[in-house]
Amino acid sequence: MNIIVVENLVKKYKSLTAVNQISFSVKAGSIFGLLGPNGAGKTTTVECIIGLMKFDEGFVEILSLNPITDNKKLYKEIGVQLQETSYQDKIKVKELCELFTIMYEKPLDYHRLLEQFGLIDKTNTNVNQLSGGERQKIAIILALIANPQVIILDELTTGLDPKSRREMWECIKNLKREGRTVFMTTHYMEEAAYLCDQIGIMNKGKLIAIDSVEGIIDKADIDITISFETEDDVFHIIKDELNKKINKIEINNTKVKIYTKSEDVLTDLIILLRDKKINYRKIDIKRPTLEDAYLKLVGKEKETEGNATV
Amino acid sequence: MRRFKKITILEWKLLTREFITIFFALIFPVMMLLLFGSIYGNEPNEFMNGYGTVDVSTPGYINMIVAVTGLMSLPLTLAQYRERKILKRFMASPIHPMDILLSQIIVNVMLTLIGLIMLIIVGIIVFDLKFYGNFFEALLAFIIIMLSIFSIGLFITAISKNTRMANAISYIIYFPMLFLSGATMPLELMPQTIRIISKALPMTYGVELFKGIWLGDHLIDFSLELLLLGGITLLFGGLSIKLFKWV
C-alpha cells in the first residue's frame, strides 16, 4: 500500500521552477529518502506533501488525504520535523511536550518517549540549553506524540556531530521497526544508504533517479577500483593477462589502481601476481558507494543542463 | 477551548520569564511614578489646572505600559516566533498558529492590566492618587487605546521580514511615543516644537483621551481623539490582516 503518492508535482516561485514534474510513491512501513544538493527542491517537495505549500500542478495524496483540503485532518495523523525549527525562548522540555500532548486526541505518553530517547532527566531543562542532538531528539519526540503512522523528517541530522547523527539513525530505524512510515530528506549519503529502502535523488527541481540503494549504484554504472602497492613493474603483465576484463590501469610510483566492472578481477589478479612471483601489499577493493553514484548522477545532470551552479 | 486555555497559560508563563518586558511593563512605570511623584508631589497645582501632578501623570504612565506591551512585547515575540518557524511548526499540527497569536494578544493585555493595577495601587498608597472620572468610560477609553496601539504592534510584525527589522521599527516608534506624547512627562512641561511633533504621534491622542476621562471629562468631549484612535485601529488592523504572513 502506498502511504504517499506524488504525481507530476510542479511548484513555481515566480520565474524559478523549484519542483519540476516529479512523481514517486512511498510504501507503508518503509523509509524513503530524498537526496539532493542545497536548492534542489527537497524542502519544497516536503512542504507540498504536508500541505504547508500550495503547488501549481500535479497530484499529491498522503494517507489517502488531499494535503491542501484535508490538512487539519492530516495533521492529526502525521508527525513532522521541519528544517531549522526552534522553540520559544525559555520554554522547558516538559512544557513543550505538554503543549503537543494537548493538541492530539490520543497522544502517546511523553514521559515514556523521553525515557526511550534518554532525555528523561532533561524534563525540566530549557529547550534552548539542550545540545543540538538532544534538540533534534525533542523534534522527533514532538512528532511522535501524535502516535503517527507517517513521520516526515526534513534534514533531521544536518549540523549534528557524527556520534549524535548515528544515534539519530538508530532512532529512525526504530520508527520503522514500530511499523511507521518515514519520509526524510538528507544531505548525507551514508545516512541514506544505511536507512533508506528507497531513495530519490533530486537536482534542480527534477527527480533524476529513484530506486533502492543498490539500484541507484547500479544505475550510475561506476567501476570497482582494485588497488595495491608493488616495487615491480606490473603494467604489462596485468595489461596482457587481464585486458579484456579491465577498463583502465593507473600506476603512480609504487601504487597501482585497476578499474573494472567485474569483481572476479580480484581473484584473477591475485593468482596472476602469485604466478609471476610479484611481491605486493595493501591490496584493497573499493566498490562504488551511494556517494559515488550520487556525485556521478548529479554531476551528469549539471553537464547536460550546461549551466552548473555550485 | 481547553487547548486554547492551555496555550495561553503557557504563553503567560513564558512572558513572565522575559525580564526586560516585565521590567518595562511593571517596574519602570512605578519607578517613574515614585520619582516624579516625590519631586512634584500630588498637591493641587495651578500649573496642572488645579489637579495634582500625580493625578495628571498617572493616565500618561498607563499609556506607557500599553506602549511596552503593544509596541515591544507583542510584535517582537510574534516576529521571533515567525523567524524561528515556530508558527510554521504549529501550522503542521492540529492547532492553528492563530491560536498562538490570539494567546499572545491576551497575555499582553493581561500584563498591561497588571501594570495598570500596580501603578494605581502604588499611586493611591504613596500619593493619595485620585480618579475623577467614570469607571466605564475609562474602561472603554482604555480598550480603545489598547486596540489602536496593539494594531500598530501587529502591523510592525506584519511588515517586518525578520526579528531584527521588527526590533528596529519598534524602537523607532516606541521611544518618540514614550517621551513626546505626554506619556512620561506632561506635554504642558514641553516646549512648543515638541507639542507640534506630538500631534503626529498616535499615542498623544491616547494620553489626551485617558487623561481627560481620568480627570472627569466625558468620551463625548473627545470626538477627535476617538475618531483618530478608531481610524488607526481600522487602518493598521486591516493592513495587518492583509499583510501578515505566518511563515
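**Entry 1: Asn162(B)**

I started at Asn162(B), whose side chain reaches the backbone nitrogen of Met165(B) at 2.8 Å, and I noted in the margin that I am reading a predicted model. The side chain of Asn162(B) also reaches the backbone nitrogen of Arg164(B), in this case at 3.3 Å. I then looked up where Asn162(B) sits, and I found it in the loop between α6 and α7 of chain B, with α7 covering residues 163-180.

Is Asn162(B) buried or exposed? I wrote down partly exposed, because its relative accessible area is 30%, and that value falls between the limits of 20% and 50%. I also compared sequence with space: Asn162(B) and Ala79(B) are 83 residues apart along the chain, yet their C-alpha atoms are 6.3 Å apart.

**Entry 2: Ser151(B)**

Next I turned to Ser151(B), which I located in helix α6 of chain B, a helix made of residues 135-159. I entered Ser151(B) as buried because its relative accessibility is 5%, and the cut-off for that word is under 20%.

Which residues does Ser151(B) touch, once its neighbours within four places in sequence are left aside? My list has Ile232(B), Thr233(B), Phe236(B), Gly237(B) and Ser240(B). I also recorded that a polar atom of the Ser151(B) side chain lies 2.8 Å from the backbone oxygen of Ser148(B).

**Entry 3: where chain B meets chain A**

Finally I looked at the contact between the two chains, to which chain A gives 26 residues and chain B gives 24 residues. Together the chains bury about 2500 Å², and 58% of that area is on carbon and sulfur atoms.

How many salt bridges does the rule find across the interface of chain B and chain A? I noted 6 salt bridges, and I looked up one between Asp89(A) and Arg84(B), in which the closest N and O atoms are 3.3 Å apart. For polar contacts between chain B and chain A, I wrote down a count of 14 residue pairs, with both residues at pLDDT 80 or more.

I then asked which elements of chain B give two or more residues to the side that touches chain A, and I listed α1 (2-16), α3 (53-83) and α4 (86-91). The largest share of that side comes from α1(B), which gives 8 residues. Sorting the residues on the side of chain B that touches chain A by kind, I recorded 10 nonpolar, 3 polar and 11 charged.

Notes:
Residues are numbered from 1 along each chain as its sequence is written. Chains are lettered from A and ligands numbered from 1 in the order in which they are written. This is a predicted model: local features need pLDDT of at least 70, side-chain atom pairs count only at pLDDT 80 or more; totals for chains, interfaces and linings use all residues. Side-chain values use heavy atoms; hydrogens and water are left out. Contact means heavy atoms within 4.5 Å. Buried area is the accessible area (1.4 Å probe) that two parts lose on being put together, summed over both. A salt bridge is a side-chain nitrogen of Lys or Arg within 4 Å of a carboxyl oxygen of Asp or Glu. A polar contact is a pair of N or O atoms within 3.5 Å; within protein, one must be able to donate a hydrogen and the other to accept it, and residues adjacent in sequence count only if both atoms are side-chain atoms. Helices (H or I, at least four residues) and strands (E, at least two) are DSSP runs, numbered from the N terminus. Ala, Val, Leu, Ile, Met, Phe, Trp, Tyr, Cys and Pro count as nonpolar, Asp, Glu, Lys and Arg as charged, and the others, Gly among them, as polar. Buried means under 20% relative accessible area, exposed over 50%, partly exposed in between (1.4 Å probe, protein chains only).
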